[in-house]
Structures are given as C-alpha cells and as structure tokens.
Amino acid sequence: MNIIEMRSVYREKLDLSIDECDFIYKIILKELCDIDPIKIALDPTFNFSSDLEDKLLESINMIINEYPIDYIINKKNFYGKDFYVDENVLIPRPETEELVDWLIKDNLNINDEKNVIDLCSGSGCIGISLDINNKYLNVTLSDVSTNALKVCEINKKNLNSNVKIIQLDLNSTSTFNKEYDIIISNPPYISLDESNQIGKNVRYEPKIALFTPKDKPLHFYEKILEFASTNLSKNGVIYLEINPNFISEFNQLLTNYTINHINFKDDFRGKKRLVKLKF
Ligand SMILES: C[S@@+](CC[C@H](N)C(=O)[O-])C[C@H]1O[C@@H](n2cnc3c(N)ncnc32)[C@H](O)[C@@H]1O
C-alpha cells in the first residue's frame, strides 16, 4: 500500500473529520514510522514495507478503540519537553503544567538551593521539568511503582536531568527529618464513585495512578500532609493538584493541621484544581 492509499484507509476507518484524520495520520507517520509527512505531497507513490503497513493498520485499530495516541507513539509533550510515556504511567495533563509553572514562577529569583520532592512522580514530568528549569532546585522523584520509576529513569536520561529517583510508598512512614523545602504532588485523586464518568481512553492508564482507595477520596492528601509533618522544613511549601469535586472535604482535612497560608488556584478550565499550602 502506498502513502496516499494508507491516508484513505485512515480517512475511511476513523470516525473523524478529514482534517482530524490527516492530522493523526501525519503524527503516526512521523513518530511511529519515522517518515516525514511531507512525503505525502512529495512522493505520493511511496510504498510502505509490509512491517510498516502492519504497524499503521494496527494503529488505526488502536485509535478506533480509543487507545491513547500518546501511548502509541510513546511520547507526550509537557512544559515544552517530550516525555517518554507508556502504559505504566499516567499521561501528563496540561493542568499539571500549571502547577509546575506556579512553583517555577514562585522561585524565579532564588539564589539558594532548595530541596524539592515530587511525590507520586509517575513519568517524572513534574520533577524533571522543575529540575530543567531551575538549577537551584535539587529535585527528588518518588513513586511506589517500580515500573513508573523505570519510566522516570528513561526521562531523566533522555532529558539530561539531574533528579534523584527513589521508591517511596506514601502508605508507609518515610523519615527524611525536615529535609524538604518544597513538596509537590499530583497524587491519584479519582474516587471509585467517579470511575464511571471517566473517558474510555483514560481506562488504559494505570489504575494505581488514577484511583483512591474505596470511600477515601482524600486518602493521598492525608498521607501527603502526614509526610509533610515530619519531612517539610520550617517555612516549607506544598503544591498540590486536587480533585475540584472534593474541595469542602479537602478544606475539612486541612483543619487537622496548623496551616498558615492556603491559596487555591483555578486551572485553565476554571476548576479549583491547584493549591499551595504553608505550615
Ligand atoms: C496521578 S499519577 C501522577 C503522575 C505524575 N505526577 C503526573 O502528574 O503526571 C499518580 C502516581 O501516584 C503513584 N502512587 C499510587 N499509589 C502510591 C503510593 N501509595 N505511594 C506513592 N505513590 C503512589 C502512582 O504510581 C502514579 O504514578
């Protein structure tokens, strides 16, 4: 099959507009097959090898089944850099870029080092972006999932980052003696009651990255605050992505702690999804 004929198969099989089909086809050509999409115009009779043809046809079926394109091409752009992603990690979201941006802007003018820990790091997108953008931030990535930590290692190497990577289970006690000046986290925050509202594409993402334990929608925030009680330095700051559907419960949880400063921020969709806390 040639490059134009394959484009017709994409247009025919995907239930999308021609522009959308072509957009996806070009991404798949470039990222999966390493073929410059300009070939469609310059070399329209270009024939695929049978291996590439199989790959392209298989990707159509995956897209029909709403399998995320980011997993097909093993790539997601986050805060200006391409991160490797696979089924072991959550696909980084634009809302999380806003959390990263908040921390970066708050620390633009520092000239003393600060120790930062990214709890529940997944692909490492948060911590690696911080590390790349501010040389004064000494960043540690941590996650319970061995497979997610392997993805962190890949991204650390690909993006030439200096982050430290450790395995840490928030359900166990970890003692770092007030070592961290900043805690940042986007933990799992979808309650099981909300699981029927998530899109089919999200179902391919790891459950451990998405869901809280049954009847405990704030479980990970409790654990992060416990972690902060022993491991955050005096005047330390916590940046969190939170579930906008549980704001009053989150505020209730905070009453168990002496918090001097609480600052919520809306995400670009106008949902209260980001918060900064100071003990
Ligand atoms: C919502 S994902 C966030 C990933 C990444 N920080 C991001 O924003 O794209 C949550 C992460 O929490 C991790 N996680 C789940 N349970 C955990 C636990 N008990 N301790 C530490 N990490 C945990 C998952 O493995 C997953 O990588």
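In this predicted model, look for S185 in strand β6, and you will find L240 of strand β7 standing opposite it. These two strands, β6 and β7 (residues 232-241), run parallel and are paired over five bridges. Now turn to another partner of S185: L119 also stands opposite this residue of β6. L119 lies in strand β3 (residues 114-119), which is joined to β6 by four bridges, again in the parallel sense. How many of the six residues of β6 (residues 180-185) are buried? Six of the six are, so the strand counts as mostly covered.

Next, let us step back to the whole chain. Its domain assignment gives domain 1 (3-65) and domain 2 (79-278). The C-alpha centres of the two domains lie 36 Å apart.

Helix α4 is a good place to continue. This helix spans residues 50-64, 15 residues in total, and its first and last C-alpha atoms are 21 Å apart, close to the 21 Å expected at 1.5 Å a residue. Which residues of α4 are buried? They are L56, S59 and I63. Because these residues cover an arc of only 60 degrees around the axis, they sit on the same side of α4. A general rule helps here: an α-helix has 3.6 residues a turn, so residues three or four places apart point the same way.

What do the buried residues of α4 pack against? Their neighbours are α1 (3-13), α2 (18-33) and α5 (69-73). The face turned away from the buried side carries exposed residues, including D51, D54 and E58. After α4 comes E66, which has a positive phi, near 60 degrees.

Terms used
Residues are numbered from 1 along each chain as its sequence is written. This is a predicted model: local features need pLDDT of at least 70, side-chain atom pairs count only at pLDDT 80 or more; totals for chains, interfaces and linings use all residues. The expected span of a helix is 1.5 Å times one less than its number of residues. A residue is buried if 20 or more other C-beta atoms lie within 10 Å of its own, exposed if 12 or fewer, and partly exposed in between; C-beta atoms are placed from the backbone. The arc is that of the directions from the helix axis to the C-beta atoms. Two residues are in contact if their C-beta atoms, placed from the backbone, lie within 7 Å. Domain bounds come from an automatic or database domain assignment. Two strands pair if DSSP finds at least two bridges between them.
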